Amino acid sequence: MDRYARWNALLELLTDSGRVTVEEAAERLDVSQATIRRDFDQLAQQQMITRTRGGAVASGVSYDLPLRYKTAKHSAEKQRIGTAAAALVQPGMVVGLNGGTTTTEVARALAVRPELNSVSEGAQLTVVTNALNIANELLVRSRMKIVVTGGVVRPQSFELVGPLGGGILREVTLDLVLLGVNAIDVTLGAAAHHEGEAAMNSLMVARAKRVAIIADSSKLGSHAFARICPVERIETLVTDSNADPAAVASFREAGLNVIVA
């Protein structure tokens, strides 16, 4: 296990338990205590955790870890979801994508579909995104038209947020928006942890003809701070096969087309 994989695992341990000792972490990750102490010190220097005598505790941002530390969580499920969500996209569409690990997999799946990379009249796919990493994924691997909103970069997700991005979004119309979310609930709708991200996502929804939520099974039935949109505004939910059948049934009863990847 390399350093970044260990850091990811340590941050997930802290997210789950709030506190972990050097001894516990070394045993869970099957590495030496000296290695864990170095990892804790380096994560504390980055203000990702708070160092304590004999261990570490989660910092105040542990519920919303930076994107680069979340790529390993539910990775297989997210790849399947990305492929299934990308299948909703047809040549010539204008598609909105927000940030996050799952929508990054959607972008990667779009980039390898040759029929979406045509530059012939009326066939070129246009992607509108507020996520710098997704714009980069598509820019270097495809011939799509990429539109990036303005805004202030939020380091945790590489997303552009704030009123500067709203000006661009209000001037475009999206055929389909594919949104990654922190939580989706039948009663409360789709939501994000950060209000700035939720506001940008909500504006994307307002400019879209169709809305698809991209969420692995851990997000179903969960709650988050800032609502993006009510469930009535959502046409499709793409999730993975680990989803609770009762939760899937509840979304279908609410009128959503649920795709289980």
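**Figure 1. Gly96 and Val128 face each other across the pairing of E4 with E5.** In this predicted model, Gly96 stands opposite Val128, a residue of E5. Strand E4 covers residues 94–97, and strand E5 covers residues 126–129. The two run parallel. Four bridges join them.

**Figure 2. Seven strands make an open, parallel sheet.** The strand order is E6-E5-E4-E9-E12-E14-E15. E6 (145–148) and E15 (257–260) stand at the edges. Each edge strand has a single partner, so one side of each is left without a neighbour in the sheet. Neighbouring strands are turned by 20° against each other on average, with direction ignored. Helix H4, residues 75–86, packs on this sheet. H4 touches E9 (174–180), E12 (208–214), E14 (236–239) and E15. The direction of H4 makes about 150° with that of E14.

**Figure 3. Helix H5 is mostly covered.** Of its 11 residues, 10 are buried. H5 spans 101–111. Four buried threonines come in a row: Thr101, Thr102, Thr103 and Thr104. Glu105, Val106 and Ala107 are buried as well. Ala109, Leu110 and Ala111 complete the buried set. These buried residues pack against two helices, H4 and H6. They also pack against strands E4, E9 and E12.

**Figure 4. Helix H6 packs its buried residues against strands and a helix.** H6 runs from residue 132 to residue 141. Its buried residues include Asn133, Ile134 and Ala135. Glu137 and Leu138 are also buried. Strands E4, E5 and E6 receive the buried residues of H6. Helix H5 does too.

**Figure 5. Arg210 sits in strand E12.** Is Arg210 buried or partly exposed? Its relative accessibility is 27%, so Arg210 counts as partly exposed. Which residues does Arg210 contact, leaving aside its neighbours within four places in sequence? The contacts are Met93, Asp175, Leu176, Val177 and Glu235. Gly180 is 30 residues from Arg210 in sequence. In space, their C-alpha atoms are 15 Å apart.

**Figure 6. E10, E11 and E13 form an open sheet of three strands.** The order is E10-E11-E13, and the pairing is antiparallel. E10 and E13 are the edge strands, each paired on one side only. The twist averages 35° from one strand to the next.

**Figure 7. A hairpin joins E10 to E11.** The connection runs through three residues. E10 covers residues 183–185, and E11 covers residues 189–192. The two strands run antiparallel and are joined by three bridges. Ala183 stands opposite Ala191 of E11. Ile184 stands opposite Ala190, also in E11.

**Figure 8. E11 pairs with E13, and helix H8 lies across both.** E13 spans residues 226–229. Three bridges link E11 and E13 in the antiparallel sense. Cys229 in E13 is the bridge partner of Ala190. Ala190 also stands opposite Ile184 in the pairing with E10. Helix H8, residues 195–206, runs at about 10° to E13.

**Figure 9. UniProt places a domain feature at residues 3–58.** The unreviewed UniProt entry gives the feature as "domain: HTH deoR-type". In the model, this span is 64% helix and 20% strand. The C-alpha atoms at its two ends lie 19 Å apart.

**Figure 10. Helices H1 and H3 pack against each other.** H1 covers residues 3–17, and H3 covers residues 33–45. Their axes are 11 Å apart and meet at an angle of about 75°. H1 is therefore roughly perpendicular to H3. H1 contributes Arg3, Arg6, Trp7, Leu10 and Leu11 to the contact. H3 contributes Thr35, Ile36, Asp39, Phe40, Gln42 and Leu43. By type, the contact residues are six nonpolar, two polar and three charged.

How values were computed: Residues are numbered from 1 along each chain as its sequence is written. This is a predicted model: local features need pLDDT of at least 70, side-chain atom pairs count only at pLDDT 80 or more; totals for chains, interfaces and linings use all residues. Side-chain values use heavy atoms; hydrogens and water are left out. Two strands pair if DSSP finds at least two bridges between them. UniProt positions are given in the numbering used here, feature names are shortened, and annotations may be inferred rather than shown by experiment. Axes are lines fitted to C-alpha atoms, for helices over the stretch in contact, and angles run from 0 to 180 degrees between N-to-C directions. Angles under 35 degrees count as roughly parallel, over 145 as roughly antiparallel, 65 to 115 as roughly perpendicular and the rest as oblique. Contact means heavy atoms within 4.5 Å. Ala, Val, Leu, Ile, Met, Phe, Trp, Tyr, Cys and Pro count as nonpolar, Asp, Glu, Lys and Arg as charged, and the others, Gly among them, as polar. Buried means under 20% relative accessible area, exposed over 50%, partly exposed in between (1.4 Å probe, protein chains only).
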